[in-house]
Amino acid sequence: MTSSTRPTRRRSWARLRTAQLAVGLTALATVAACGSDDPGGSDKTTDVTITVALNSEPPPQASLDAFERETGITVKWVNIDWDSLQTKISAAATANTYFADATDVDWSRVGQLGRLGWFYPMDDYLDTDAMAADMPQLASFTSDGHVVGIPYDASFMVTTINSDLYKKAGADANPATMQAYTDGLKKIKDAGVVKYPLNIPFAAAEGLSTYWYEATEAFGGTILDESGAPQFTSPDSAGYRAAQWMIDAMTSGLVPPGNINVADSQGQQTLMAKGQVASTFSDYSGTVGSLYNIPESSTVVDQVTYLATPGTDGPAANLSNPDGIGIPKQAKYPDAAAKFIEWFTDAKQQVDFAGVNGPEKALPAYAMPSHLSAVEEMTAKGDLVGGEVLAAMLKTSKPVFEGGAPAWYPKFSNAVYTNLHAAATGEMSVADAIAAIADTADQLANES
Amino acid sequence: MKSRRLQAVGVLLILVWSLVPIYWALRTSFQTEADARATPVQYVPHHPTLDNYRALLTGDGEVPGQIRQAALNIVIECSAATVVTVVLATLAAYAFARMSFHGSKILFYSVLATMALPAYATLIPLYRIMSTFGLVNTYSGLVLVYVSGFVPLATWVLHNYFSSLPTSLEEAGLVDGAHRLQVLWHIMLPLARPGIISTAIITFLFAWAQFLFPLVLSSDLSTQPLTVVIASLQGRHVVPTTLLSAAGMLAIAVPAAIALAFSRYIVNGLLAGSVK
């Protein structure tokens with residue numbers, strides 16, 4: 001899920017009352033059903049046109065033209081929002097119907113996709129073992145030993161702070177522990193610099209779940225073990241303490257009351273960009289350069305910096321939530337799609353996309369490269385805002401779930417954000433919320 | 001008296017619930033991006049501007065171009081679906097209402113029963129069929145799906161309308177030697193014009209509101225309607241919310257104008273046959 005288009009809503013389905021097909025269409029259905037179910041596409045890699053469907057602006061036409069000259073592959077780019085794209089991927093896979101040669105693979109759906117077998121293993125096409133060393137977030141795309149997608153940008157949860165507001169309050173702008181971080185926020189509130197210093201997106205949406213995962217990491221634990229068993233039921237556990245910390249922040253007035261309806265991405269980031277909050281604990285990598293330092297969208301230009309995520313005794317790891325690109329089984333030209341993915345995720349190409357070699361080669365709203373070497377190159381050239389901090393974070397970033405996102409992740413996440421939201425509104429206690437989430441996890445793990 | 005007050009409060013609540021989001025989008029569409037983000041919030045635009053609408057309708061950028069193409073698509077798809085649906089439904093409704101043939105009742109109720117089927121149930125098979133016959137991402141594919149979806153309702157509305165008309169004129173026409181299609185064309189259609197208009201309006205409005213089917217069955221801007229394109233623009237930092245709000249208002253404008261102008265027909269059409 002990218003920073004700009006996470007699934008904060010579940011779109012209500014359209015209400016078309018499609019007719020049961022009468023005689024003619026029944027015949028068509030029979031004919032269609034008689035078609036081959038076997039996936040399979042052409043192995044042609046020249047003089048073909050492939051469709052790439054992503055929730056991203058297309059690369060500059062000049063870059064795509066250069067790729068075409070080099071390979072003989074023409075790229076037809078379809079830019080579609082995240083929610084709609086997931087619907088299309090599911091519909092196409094279920095109907096065993098072609099819709100794109102390469103498309104989005106979100107980290108949270110890796111387990112599902114791996115089990116369903118909707119995508120070709122990328123290790124059949126690319127040397128993913130060799131890529132892994134320079135691409136730390138590749139681990140988030142592995143399911144049952146196979147790589148389902150290749151991350152095309154790096155996305156991980158980071159803490160951002162408005163250093164000007166911290167300075168005004170005389171608060172420590174470099175807290176290394178959660179205790180120091182919380183003390184700093186209280187100091188900002190007490191000093192009246194801002195009324196509500198901390199951003200937590202408490203709307204019942206995916207962003208609330210990922211916030212809790214990162215907070216759990218900060219408190220020194222994990223959400224689920226490799227078998228999917230909940231690790232947060234004990235009041236001493238990191239997950240429990242993280243949930244308590246989040247709810248306490250709400251009830252003690254550190255978080256704006258209106259955040260009960262604020263989802264992550266735009267809602268949360270707008271508060272930060274307006275200087276209405278002093279810190280976002282689980283923000284997105286790259287937002288300082290791509291959002292907070294852009295005068296058209298921000299009133300806090302040059303005020304926001306990345307903070308190494310506070311932990312229990314020192315900085316904690318940053319959890320990955322990157323977007324990847326993979327090849328659906330219904331692709332017409334899987335080999336050509338693999339060539340495109342290799343090009344699209346290449347380190348040199350990513351440096352271009354990040355705008356280092358001129359705006360004419362940049363990919364609009366591109367976060368940051370998924371290749372460590374590309375990030376380091378950008379940092380060395382001074383082309384990445386907060387590059388040194390980000391490069392260090394990228395090196396130590398880790399998947400949200402060590403065993404990969406479970407196949408039942410969407411249902412689990414739903415339970416997480418529904419119950420934490422209810423706890424934030426006071427409808428239930430933290431203990432009850434945690435118990436309900438754990439029950440859901442147990443049930444889902446047992447059913448799978 | 002008390003119940004009327006309660007009724008008024010209920011109506012007011014529903015109105016507020018329905019209209020406030022639309023007002024908010026309308027307000028934003030008349031603001032600059034800076035005003036839309038201003039604190040404190042401007043409930044009424046301090047410096048109203050038509051710039052967003054101007055940009056959408058005449059601008060050169062990528063987003064205005066997409067919106068204009070999508071607007072053209074939705075007009076083509078909805079108009080075509082409306083015409084085909086009304087023609088087919090008129091013929092079917094007349095046959096069910098006036099002609100006696102073996103199995104007509106079973107067939108009629110079978111057609112009506114399809115309205116009870118959830119849309120999801122047919123999405124995947126339809127997608128497969130469309131794909132097999134190369135109809136994905138074509139106007140004709142979408143129109144075919146809309147027609148298959150709307151013909152049952154249109155048939156039902158028109159059946160009620162035809163049934164409510166007196167049979168004497170029709171019988172006179174038949175006695176004078178006209179065949180069924182002549183009777184339909186020269187006698188019944190003029191009488192049923194209000195019902196046909198209401199059916200056309202209802203069909204057009206339903207088609208305009210579609211999202212899921214065009215989302216799945218159209219894959220690029222060549223056929224994607226406004227509803228799908230606007231959704232694909234939301235959430236991108238690079239698209240100003242003011243522009244997006246203006247696009248939303250344009251998408252609302254056509255059905256809203258039709259609903260307001262022809263509300264009498266819509267109500268009559270849906271009530272046709274309910275009072276004998």
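Which residues make up domain 1 and domain 2 in the domain assignment of chain B? The legends below start from there, and keep in mind that this is a predicted model.

**View 1. Chain B, split into its domains.** Domain 1 of chain B covers 1-49, and domain 2 of chain B covers 63-271, going by the domain assignment. If you drop a point at the C-alpha centre of each domain of chain B, the two points sit 31 Å apart. Take the whole C-alpha trace of chain B and you get a span of about 75 × 60 × 35 Å along its principal axes.

**View 2. Where domain 1 of chain B meets domain 2 of chain B.** Nine residues from domain 1 of chain B and eight residues from domain 2 of chain B go into this contact. On the domain 1 side, helix H1 (2-29) and helix H2 (33-37) of chain B each put in at least two residues. H1(B) gives the most to that side, with five residues. As for chemistry, the residues on the domain 1 side sort into four nonpolar, four polar and one charged.

**View 3. The helices of chain B, end to end.** Chain B has 14 helices and zero strands. Read from the N terminus, its elements go α-α-α-α-α-α-α-α-α-α-α-α-α-α.

**View 4. H4(B) packed against H10(B).** Helix H10 of chain B spans residues 193-208, and its axis lies 9 Å from that of H4(B), at an angle of about 140°. An angle like that is why H4(B) counts as oblique to H10(B). The crossing of these two helices is right-handed. From H4(B), the contact uses Ile74(B), Glu77(B), Cys78(B), Ala81(B), Thr82(B), Thr85(B), Val86(B), Ala89(B) and Thr90(B). H10(B) answers with Ile196(B), Thr199(B), Ala200(B), Thr203(B), Phe204(B), Ala207(B) and Trp208(B). Sorted by class, the contact of H4(B) with H10(B) comes to ten nonpolar, five polar and one charged residues.

**View 5. How confident the predictor is.** Chain B has a mean pLDDT of 88, with 95% of its residues at 70 or more. Which element of chain B has the lowest mean pLDDT, and which the highest? Helix H14 (residues 263-271) of chain B has the lowest, at 76, while helix H4 (residues 62-98) of chain B has the highest, at 94. Where pLDDT is low, predicted coordinates shouldn't be read in detail. For the complex, the predictor gives an ipTM of 0.75 and a pTM of 0.75.

Methods
Residues are numbered from 1 along each chain as its sequence is written. Chains are lettered from A and ligands numbered from 1 in the order in which they are written. This is a predicted model: local features need pLDDT of at least 70, side-chain atom pairs count only at pLDDT 80 or more; totals for chains, interfaces and linings use all residues. Domain bounds come from an automatic or database domain assignment. Two residues are in contact if their C-beta atoms, placed from the backbone, lie within 7 Å. Helices (H or I, at least four residues) and strands (E, at least two) are DSSP runs, numbered from the N terminus. Ala, Val, Leu, Ile, Met, Phe, Trp, Tyr, Cys and Pro count as nonpolar, Asp, Glu, Lys and Arg as charged, and the others, Gly among them, as polar. pLDDT is the predictor's confidence in each residue, from 0 to 100. Axes are lines fitted to C-alpha atoms, for helices over the stretch in contact, and angles run from 0 to 180 degrees between N-to-C directions. Angles under 35 degrees count as roughly parallel, over 145 as roughly antiparallel, 65 to 115 as roughly perpendicular and the rest as oblique. A crossing is left-handed if the near helix is turned anticlockwise from the far one by less than a right angle, and right-handed if clockwise.
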